[in-house]
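Here are my notes for a first look at this one. Have the model open beside you, and go through the points in order.

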Amino acid sequence: MALYKTLTVNPTTKVLIWKIEETVDQLKHGITLSKNSELRLQSMKSEIHQKGFLSIRHLLNIIGLTDADLQYDEFGKPHLNQGRFISITHSFNFTAIIFSNKTEVGIDIEKQREKILKIAHKFTPIEEYKTIANVDAMISKLTIVWGAKESLYKIYGKKKLLFLHHIYIDDFKFDDGKTSGEIRFNGDKNSYTVEFLEFEGFTCVFAY
């Protein structure tokens with residue numbers, strides 16, 4: 001099985017990344033699905049979605065959890081019991097989870113694609129990045145910003161939060177591998193640490 005990378009963020013928080021190289025049948029081995037999850041799997045028409053769903057369950061196994069430990073609220077946010085927190089992401093042939101015993105967490109994986117240049121104005125003040133002359137560097141930076149905002153959105157876990165108006169990411173240098181972000185909504189302000197890494201044309205961002 002293809003555990004791609006494990007990151008120990010701090011003593012209470014871990015990130016696990018899976019590279020999907022197996023068939024659906026291979027991924028069905030070694031895990032147990034609840035009845036609801038079996039139904040969800042059967043309803044998925046896309047094989048890549050099936051593989052993503054199953055590989056996430058293997059990542060759960062690695063940290064000592066099972067499919068039955070995962071519960072979803074009315075907004076689709078995954079929850080664990082006993083004061084534990086989790087976030088899940090899937091993009092093409094990569095899946096990942098971030099797990100913490102202490103704090104709310106969020107994670108996102110994105111494929112680095114040129115189309116992000118066309119939608120950047122919808123989620124960030126694009127003027128902040130006009131000084132980046134290299135198109136590849138611009139795509140890389142915007143993908144990190146998007147992933148950071150997606151991670152904070154997942155932490156908040158409810159509707160109505162707007163990327164452009166409610167989620168703010170501090171500027172950063174690629175070499176830093178981290179930055180900070182804030183959710184400002186309904187008079188509240190909450191700050192988070194954001195970390196990122198790039199691999200095989202993908203960007204993984206997580207917040208805690």
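**Notes on the model**

1. Let's begin in a loop: Lys160 sits between H5 and helix H6 (163-166). Helices here are DSSP runs of H or I with at least four residues, strands are runs of E with at least two, and both are numbered from the N terminus. Lys160 has a positive phi of about 80° although it is not a glycine. It is also exposed, at 70% relative accessible area; exposed means over 50%, buried means under 20%, and partly exposed is in between, using a 1.4 Å probe and protein chains only.

2. A word on what you are looking at. This is a predicted model, in which local features need pLDDT of at least 70 and side-chain atom pairs count only at pLDDT 80 or more, while totals for chains, interfaces and linings use all residues. Residues are numbered from 1 along each chain as its sequence is written, and side-chain values use heavy atoms, with hydrogens and water left out.

3. Gln82 is another residue with a positive phi, about 60°, and it is not a glycine either. Look for Gln82 in the loop between strand S4 (78-79) and strand S5 (85-91). With a relative accessible area of 67%, Gln82 counts as exposed.

4. Now zoom out. The protein chain has six helices and 11 strands. Why call the overall size that of a compact globule? A globule of 208 residues would have a radius of gyration near 17 Å, and the chain has 17 Å, so the two agree. That radius is taken over C-alpha atoms, and the globule rule is 2.2 Å times the number of residues to the power 0.38. Along the principal axes, the C-alpha atoms fill a box of roughly 50 × 35 × 35 Å.

5. Some whole-chain numbers. Of the 208 residues, 48% count as buried. The accessible surface comes to about 11,000 Å², and 49% of it belongs to carbon and sulfur atoms; these areas come from the Shrake-Rupley method with a 1.4 Å probe, and for residues only the protein chains shown count as cover. Among contacts with a separation of 6 or more, 52% are between residues 24 or more positions apart, where contact means heavy atoms within 4.5 Å.

6. On charge, there are 28 positive and 26 negative side chains, and the centres of the two sets lie 3 Å apart. Lys and Arg count as positive, Asp and Glu as negative, and His and the chain ends are not counted. Each charge is placed at NZ of Lys, CZ of Arg, CG of Asp or CD of Glu.

7. Which residues touch the most other members of the largest nonpolar core? They are Phe123, Tyr129, Leu142, Leu152, Ile167 and Ile183, in a core of 25 residues. Helix H5 (135-156), strand S8 (167-169), strand S9 (178-185), strand S10 (188-199) and strand S11 (202-207) each supply at least two residues of this core. H5 gives the most, with eight. A second, separate core has 22 residues, including Leu65, Leu70, Ile86 and Phe99. A nonpolar core is a set of buried Ala, Val, Leu, Ile, Met, Phe, Trp, Tyr and Cys residues joined through side-chain atoms within 4.5 Å.

8. Phe123 deserves a click. Setting aside residues up to four places away in sequence, Phe123 touches Ile116, Leu142, Val145, Trp146, Lys149, Phe163 and Leu164.

9. Then try Ile144, in helix H5. Is Ile144 buried or exposed? Its relative accessible area is 1%, so Ile144 is buried. Beyond its neighbours within four places in sequence, Ile144 is in contact with Phe172, Phe174, Phe196, Glu198, Thr203 and Val205. The C-alpha atoms of Ile144 and Val194 are separated by 9.8 Å, with their positions 50 residues apart along the chain.

10. Helix H3 (residues 47-62) holds Lys51, and Gln50 is found in H3 too. Lys51 is buried at 16% relative accessible area, and Gln50 is buried at 18%. Not counting residues up to four places away, Lys51 touches Ile20, Glu22, Thr23, Val24 and Leu27. On the same basis, Gln50 is in contact with Val24, Leu41 and Met44.

11. Finally, Asn186 lies in the loop between S9 and S10 and is exposed, at 66%. Asn186 and Leu41 are 145 residues apart along the chain, and their C-alpha atoms are separated by 37 Å.
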